[in-house]
Amino acid sequence: QVQLVESGGGLVQAGGSLRLSCAASGSSSSINIMGWFRQAPGKQRDLVAAISSGGNINYADSVKGRFTISRDSAKNTVYLQMNSLKPEDTAVYYCRLGQSSSFSYGINYWGKGTLVTVSS
């Protein structure tokens, strides 16, 4: 079993920055894709950014140029640097890790989420 521990959420003013971290422990040697999703109140959970073990990266259009995803595979940790934050970035951010190159296949693991609130 894999356990995910997220950290780094909080309250920030618009234009500010936050850095989220998600560390995996347990049977995490088979982790391939790592990513972040977010869910705002009343909305569905959407992909923010994902990075494969080979370094392929995808971003949601809404965060391109502002957010940067990175990973430390040796530590089974994924990061999300969020700059130029906007009120519409307010959401619960979830870490997601998968054993294949796509979240659509294989076993996935979810973190419990960390709240990011951006005030105007």
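A disulfide is a pair of cysteine sulfur atoms within 2.5 Å. Keep that cut-off in mind for the exercises below, which all use a predicted model.

**Exercise 1. Find the disulfide and describe its link: which cysteines are joined, and what is the handedness?**

Step 1. Start with the whole structure: a search of it finds one disulfide.

Step 2. Look at the sulfur atoms of Cys22 and Cys95. They lie 2.1 Å apart, S to S, and the cut-off is 2.5 Å, so the pair counts as a disulfide.

Step 3. Turn to the angle about the S-S bond. For Cys22 and Cys95 it is -80°, and the link is left-handed.

Step 4. Place both ends in the chain. Cys22 sits in strand E3 (residues 18-26) and Cys95 in strand E9 (residues 91-98). With these positions 73 residues apart, the pair links distant parts of the chain.

**Exercise 2. Decide for Cys22 and Cys95: buried or exposed?**

Step 1. The cut-off for buried is under 20% relative accessible area.

Step 2. Cys22 has a relative accessibility of 0%, so Cys22 is buried.

Step 3. Cys95 also comes out at 0%, and therefore Cys95 is buried.

**Exercise 3. Describe the overall fold: how many helices and strands are there, and how compact is the protein?**

Step 1. Count the elements: the protein has zero helices and 11 strands.

Step 2. Compare the radius of gyration with the globule rule. The protein has 13 Å, close to the 14 Å that the rule gives for 120 residues, so the protein is as compact as a globular protein of that length.

Step 3. Add the outline: the C-alpha atoms fill a box of roughly 40 × 25 × 25 Å along the principal axes.

Step 4. Check the inside: buried residues make up 45% of the 120 residues.

Step 5. Finish with contacts. Of those with a separation of 6 or more, 55% are between residues 24 or more positions apart.

**Exercise 4. Examine Asn76 and Ser84: what is the sign of phi, and where does each residue lie?**

Step 1. Recall the background: most residues other than glycine have a negative phi.

Step 2. Asn76 has a phi near 50°, a positive value. Asn76 belongs to the loop between strand E7 (67-72) and strand E8 (77-82). At 15% relative accessibility, Asn76 is buried.

Step 3. Ser84 has a positive phi near 50°. Ser84 is in the loop between E8 and E9. Its relative accessible area is 41%, so Ser84 is partly exposed.

Notes: Residues are numbered from 1 along each chain as its sequence is written. This is a predicted model: local features need pLDDT of at least 70, side-chain atom pairs count only at pLDDT 80 or more; totals for chains, interfaces and linings use all residues. Side-chain values use heavy atoms; hydrogens and water are left out. Helices (H or I, at least four residues) and strands (E, at least two) are DSSP runs, numbered from the N terminus. Buried means under 20% relative accessible area, exposed over 50%, partly exposed in between (1.4 Å probe, protein chains only). The radius of gyration is taken over C-alpha atoms; the globule rule is 2.2 Å times the number of residues to the power 0.38. Contact means heavy atoms within 4.5 Å.
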